[in-house]
Amino acid sequence: MSFETVYGKAGPVDWLCLAPHPDDAEIGAGGTLIRLGRAGKAVGILELSRGEGGTLGSAQVRTAECVAAAQIMGLAWRGQLGLPDGGLVDSPAEARALAEVLRAVRPRVLVVPHHRDRHPDHFGAYHLAKRAVHLAGLRKADVAGEPHRVGRVLLYQGNADIQASVLVDVEEVLPVWEEAIRAHKSQFSGLAVSETVTPEVIERRRARLMYWGTLARVRYAEAFESDDALLVDPATL
């Protein structure tokens, strides 16, 4: 089992977002990823599955949509691990495969789905990521590549509420965020098959961004929950 690059070149990135399926990263963390890219940071997305089990679209169509969205967002790299859609679990084999990617692209910050998410693949992706982060840093682990320790793990909002500890102002890049989501035409321009796979996805998500923005005293903000306590320089507050 090995990963496939679908956009850019696999190499060190500052931030890497793990997406259980194509479009999850755009919906949950896209504004922040776009902001980082515009600030000169190397940003990547890794789809854990190709979304082949979804009601709409096919693996091939959805991969092409991922490439289009990557161009819009200004990503440095986008890859796919090819794990089974609908079957993402914390297993030793899948964790080793993910740890190999972490060693290859060496992210400083890893962004993953929240463990309270009710979607089984999102829940599974969180726990899989935790094991992979551990393995990637172990010199004696049976994983290809040089050991790498992720500096920070942040959780993004999917299908459940979160206790946000990090808010990012995304108002300036909101039009680009919307364009990146619309690149996934197979999911968001046809029938509404769920509360997330619907043409209303941008309207619904914008409402969440406005809610978090209210708390941050800005118009729109993306929310994250830190997996560990944040060390803050009080002089920056």
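This is a short walk through the overall build of one chain and then its cysteines.

Let me say at the outset that what we are looking at is a predicted model, and that the values I quote are computed from it.

Starting with the fold as a whole, the chain holds seven helices and eight strands. Its radius of gyration is 17 Å, close to the 18 Å that the globule rule gives for 237 residues, and the chain is therefore as compact as a globular protein of that length. If you turn the C-alpha trace onto its principal axes, the chain spans about 50 × 45 × 30 Å.

Turning to the packing, 52% of the 237 residues are buried. When we take the contacts between residues at least 6 apart in sequence, 82% of them join residues at least 24 apart.

On the surface, the chain exposes about 10800 Å², and carbon and sulfur atoms supply 52% of that area. As for charge, there are 27 positive and 30 negative charges, and their mean positions lie 4 Å apart.

Now to the cysteines, and to the question of how many disulfides a search of the whole structure finds. The search finds zero, and the distances show why for two residues in particular: the sulfur of Cys-17 has its closest cysteine sulfur in Cys-66, 12 Å away, which is too far for a bond, given that a disulfide needs the two sulfur atoms within 2.5 Å. The sulfur of Cys-66, in turn, has its closest cysteine sulfur in Cys-17. Cys-17 counts as buried, because its relative accessibility is 0%, and Cys-66 likewise counts as buried at 0%.

Key: Residues numbered from 1 in each chain as written. Predicted model: local features only at pLDDT ≥ 70, side-chain atom pairs only at ≥ 80, totals over all residues. Heavy atoms only, no water. Helix = DSSP H or I, 4+ residues; strand = E, 2+ residues; numbered from the N terminus. Rg over C-alpha atoms; globule rule 2.2 N^0.38 Å. Buried < 20%, exposed > 50% of the residue type's maximum accessible area, 1.4 Å probe, protein only. Contact = heavy atoms within 4.5 Å. Areas by Shrake-Rupley, 256 points an atom, 1.4 Å probe, with all protein chains shown as cover. Lys, Arg positive; Asp, Glu negative; His and termini not counted. Charge placed at Lys NZ, Arg CZ, Asp CG, Glu CD.
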